[in-house]
Amino acid sequence: MLAANILLSLAMFAVFALIAGGIYLWRKQGDTQKGLLMIAAAIVILANVLIWTV
């Protein structure tokens, strides 16, 4: 059970990092496609975390 909690926590850290990196790429670097792909990956991971917690 402890390992599952650690993995869920790491997944949430990844979600925050992907969203921050995606916004940075989108706004500062002008690389819209990669930024949106990072945000999409964050949404997928977030959906997985929500499914795992139910």
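Visitor: In which hand does α1 pass α2, left-handed or right-handed?

Guide: Bear in mind that this is a predicted model. Here α1 goes past α2 in a left-handed crossing.

Visitor: What else do I need to describe a pair of helices like that?

Guide: In general, two packed helices are described by the angle between their axes and the distance between those axes. In this case the axes of α1 and α2, the latter covering residues 32-53, come within 8 Å and cross at roughly 160 degrees. Angles over 145 degrees count as roughly antiparallel, so that is how α1 and α2 run relative to each other.

Visitor: Now single residues. Is Gly35 in α2 buried or exposed?

Guide: The cut-off for buried is under 20% relative accessible area. Gly35, which sits in helix α2, has 0% relative accessibility, so Gly35 counts as buried.

Visitor: And Phe16, buried or exposed?

Guide: Exposed means over 50%. Phe16 belongs to helix α1, residues 2-29, and counts as exposed because its relative accessibility is 53%. Phe16 also joins Leu2, Ile6, Leu7, Leu10 and Phe13 in a nonpolar surface patch, and together they have about 690 Å² of accessible area.

Visitor: How many salt bridges does the structure hold?

Guide: Just one salt bridge. You'll find it between the side chains of Asp31 and Lys34, at 3.9 Å from N to O. The limit is 4 Å. As for Asp31, its relative accessible area is 26%, so Asp31 is partly exposed.

Visitor: How far apart in space are Gly35 and Ile45?

Guide: Going from C-alpha to C-alpha, Gly35 and Ile45 are 16 Å apart, with their positions ten residues apart in sequence numbering.

Technical notes
Residues are numbered from 1 along each chain as its sequence is written. This is a predicted model: local features need pLDDT of at least 70, side-chain atom pairs count only at pLDDT 80 or more; totals for chains, interfaces and linings use all residues. Side-chain values use heavy atoms; hydrogens and water are left out. Patches are made of residues with over 30% relative accessible area and no salt bridge: like charges are joined within 9 Å, nonpolar side chains (Val, Leu, Ile, Met, Phe, Trp, Tyr) within 5 Å. Accessible areas come from the Shrake-Rupley method with a 1.4 Å probe; for residues, only the protein chains shown count as cover. Helices (H or I, at least four residues) and strands (E, at least two) are DSSP runs, numbered from the N terminus. Buried means under 20% relative accessible area, exposed over 50%, partly exposed in between (1.4 Å probe, protein chains only). Axes are lines fitted to C-alpha atoms, for helices over the stretch in contact, and angles run from 0 to 180 degrees between N-to-C directions. Angles under 35 degrees count as roughly parallel, over 145 as roughly antiparallel, 65 to 115 as roughly perpendicular and the rest as oblique. A crossing is left-handed if the near helix is turned anticlockwise from the far one by less than a right angle, and right-handed if clockwise.
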